[in-house]
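Hi,

Here is the structure I said I'd pass on. Have a look at it first, and then read my notes underneath.

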Amino acid sequence: MSFKKYIIFIFVLGLLSSCNHDFSHIGIHQEPRWEFAPNMYYSVPYEPLSQVTDSVNHPEYYNSNPYNPHGMTMREPVPGTISRHPKGILPMHMHPDSLEAAGLVPNPVPLTEVTLEEGRVLYQRFCSPCHGQTGEGDGAVGEVYGGVPLFASATLKDKPAGHIYHVITYGYNRMTSYATQLSPEERWKVVHFVHTLQQADQ
């Protein structure tokens, strides 16, 4: 038998043996069998939102940092840590379902010519395709899909800054969230410019 035929024979034999569904002849292993890429099943790094402290009964899921108090995988920031977001720019108490409460949050970004101009640029770039250049809902996308409300309409003209910020952050109805495109400070600047469009149509 040639080497090639020998390889084919071994392959076919292995293929046929794998079709056997009777595993009664296989003895119970005292140790776990080999696993392919076990790191895909059991995380080696500490998971921040996982806290499994039982290393006896669940050693494969044990995920506690022995060097932290109480085996915690996360620790509180050290005193004096500076927040990533400027103070007051991002209301941390805002929640996706708190649209009404968000209306009580004032705009923390000062209204100046600079911030207003920056808001205009950001609006033209991210909002005008649907809402139009002047907020009349006549953007290129809005003309195709329709139903984009006017900023000066009775429904929207009196909406406070926090309400508009919340909609930009989490979306509303068919409008998706722009939180990944606009930073918290940029969203507040857009809110300033939207208010100018509402006032211009009054």
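Below is what turned up, going from salt bridges to aromatic rings, then one helix and a surface patch.

Before anything else: this is a predicted model, so please read every value below as computed from it.

**Salt bridges**

How many salt bridges are there? The count comes to three. As background, side chains of opposite charge can pair when their charged atoms come close.

Let's begin with helix α3, which covers residues 113-126. Glu-117 and Arg-120 form a salt bridge there, with 2.7 Å between the closest N and O atoms. The two residues sit three apart in α3, about one turn of the helix. That spacing fits the general picture: an α-helix has 3.6 residues a turn, so residues three or four places apart point the same way. Is either partner hidden or out in the open? Glu-117 is partly exposed at 38% relative accessibility, and Arg-120 is partly exposed too, at 32%.

The other two bridges share Lys-189. One of them joins Lys-189 to Glu-118, at 2.3 Å from N to O. This pair ties together distant parts of the chain, as Lys-189 belongs to helix α7 and Glu-118 to helix α3, 71 residues apart. You may want to look at that 2.3 Å contact yourself.

The other bridge runs from Glu-185 to Lys-189, where the closest N and O atoms are 3.9 Å apart. The cut-off for a salt bridge is 4 Å, so this pair at 3.9 Å still counts. Both residues lie in α7, four apart, which is about one turn of the helix.

Put together, Glu-118, Glu-185 and Lys-189 make up a network of salt bridges. Which of these residues are buried and which are partly exposed? Lys-189 has a relative accessibility of 11% and therefore counts as buried. Glu-118, at 33%, counts as partly exposed, and so does Glu-185, at 34%.

**Aromatic rings**

Searching the whole structure gives three aromatic pairs. One of them is Tyr-165 with Trp-188, a stacked pair with 4.1 Å from centre to centre and 10° between the planes. Here too distant parts of the chain are linked: Tyr-165 is in helix α6 (residues 161-170) and Trp-188 is in helix α7 (residues 184-200), 23 residues apart. Both Tyr-165 and Trp-188 are buried.

There is also an aromatic cluster, formed by Tyr-123, Phe-151 and Phe-193.

**Helix α6**

The helix that holds Tyr-165 is mostly covered, with nine of its 10 residues buried. Among the buried ones are His-163, His-166 and Thr-169, along with Ile-164, Val-167 and Ile-168. Just after α6 comes Gly-171, which has a positive phi near 85°.

**Surface patch**

Last, the N-terminal end of the numbering. Phe-3, Tyr-6, Ile-7, Phe-9, Ile-10 and Leu-13 make a nonpolar surface patch of about 640 Å². Phe-9 is in helix α1, which spans residues 3-17. Why can Phe-9 be part of a patch? Patch residues need over 30% relative accessible area, and Phe-9 is partly exposed at 46%, so Phe-9 clears that cut-off.

That's the lot from me. Shout if anything is unclear.

Cheers

Technical notes
Residues numbered from 1 in each chain as written. Predicted model: local features only at pLDDT ≥ 70, side-chain atom pairs only at ≥ 80, totals over all residues. Heavy atoms only, no water. Patch = residues over 30% accessible without salt bridge, like charges linked within 9 Å, V, L, I, M, F, W, Y side chains within 5 Å. Areas by Shrake-Rupley, 256 points an atom, 1.4 Å probe, with all protein chains shown as cover. Salt bridge = Lys/Arg side-chain N within 4 Å of Asp/Glu carboxyl O. Buried < 20%, exposed > 50% of the residue type's maximum accessible area, 1.4 Å probe, protein only. Phe/Tyr/Trp six-rings, centres within 6.5 Å; stacked < 30°, edge-to-face > 60°.
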